[in-house]
Amino acid sequence: MPKISQFTEEQIAAAKVYAASTPPADLDPKIEALVNDLIGRVADKWTMLVLEVLAEKGELRFTRLSELVEGISQKMLTQTLRQMERDGLITRTVHPVVPPKVEYKLTHLGLSLGAAFCGVWVWAAENLQQVEQARREFDGKAKTRSEPGLAPSTSLKASP
């Protein structure tokens, strides 16, 4: 299997194990709440990008991290790193030097979360052509519906 993004064969194998697992029918509400919370956080683009950069580059200083996470503001990076630290996904190390040197590194928990979400990369690689084909077909239909003189198939106006 070709390498997908910067994920290792071990991370891809772990992602496939996670994907093949079925959660129990009597799922603990605390676990469900954690999953919903983490999906919301990790689905946010900044957390995923920070996770990816730290997985690829290892321990990084704030400034270097901000350079590698393209488009992120200092405020957003600070908020993202604080939340990731709170969740146990990263460690923040302050070195007692002047000026202070602060470095961030993924924890084992952060690496394993990255492996779990690696499944999305695997899925994307395996289904890219089908998604692109579906999009072309949809866009072709949408173009036909929006041509002048043709009635739209649905109406967004509220009925009386």
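**Exercise 1. How many helices and strands does the secondary structure of the protein come to?**

Solution. Keep in mind that this is a predicted model. Step one: count the elements, which gives six helices and three strands. Step two: put them in sequence order, and the pattern reads α-α-α-β-α-α-β-β-α.

**Exercise 2. Find the residues that touch the most other members of the largest nonpolar core, and say which elements contribute to this core.**

Solution. Start with the core itself: it has 19 residues, and Val-50, Leu-65 and Leu-81 touch the most other members. Next, look for elements giving two or more residues; these are helix 3 (45-57), helix 4 (62-68), helix 5 (74-86) and strand 3 (101-106). Helix 3 provides the largest share, five residues. Now zoom in on Val-50: setting aside neighbours within four places in sequence, its contacts are Leu-65, Val-69, Leu-77, Thr-80, Leu-81 and Met-84. For background, nonpolar side chains in soluble globular proteins tend to be buried together.

**Exercise 3. Locate Leu-27 and decide whether this residue is buried, partly exposed or exposed.**

Solution. First, find its place: Leu-27 sits in the loop between helix 1 (9-20) and helix 2 (29-43). Then apply the cut-offs: buried is under 20% relative accessible area and exposed is over 50%. Leu-27 has 30% relative accessibility, so it counts as partly exposed. Finally, look at its partners: together with Ile-31, Val-35 and Ile-39, Leu-27 forms a nonpolar surface patch with about 300 Å² of accessible area.

**Exercise 4. Work out what percentage of the 160 residues is buried, and describe the accessible surface.**

Solution. Buried residues make up 24% of the 160. The accessible surface comes to about 11600 Å², and 58% of that belongs to carbon and sulfur atoms.

Methods. Residues are numbered from 1 along each chain as its sequence is written. This is a predicted model: local features need pLDDT of at least 70, side-chain atom pairs count only at pLDDT 80 or more; totals for chains, interfaces and linings use all residues. Side-chain values use heavy atoms; hydrogens and water are left out. A nonpolar core is a set of buried Ala, Val, Leu, Ile, Met, Phe, Trp, Tyr and Cys residues joined through side-chain atoms within 4.5 Å. Buried means under 20% relative accessible area, exposed over 50%, partly exposed in between (1.4 Å probe, protein chains only). Helices (H or I, at least four residues) and strands (E, at least two) are DSSP runs, numbered from the N terminus. Contact means heavy atoms within 4.5 Å. Patches are made of residues with over 30% relative accessible area and no salt bridge: like charges are joined within 9 Å, nonpolar side chains (Val, Leu, Ile, Met, Phe, Trp, Tyr) within 5 Å. Accessible areas come from the Shrake-Rupley method with a 1.4 Å probe; for residues, only the protein chains shown count as cover. A salt bridge is a side-chain nitrogen of Lys or Arg within 4 Å of a carboxyl oxygen of Asp or Glu.
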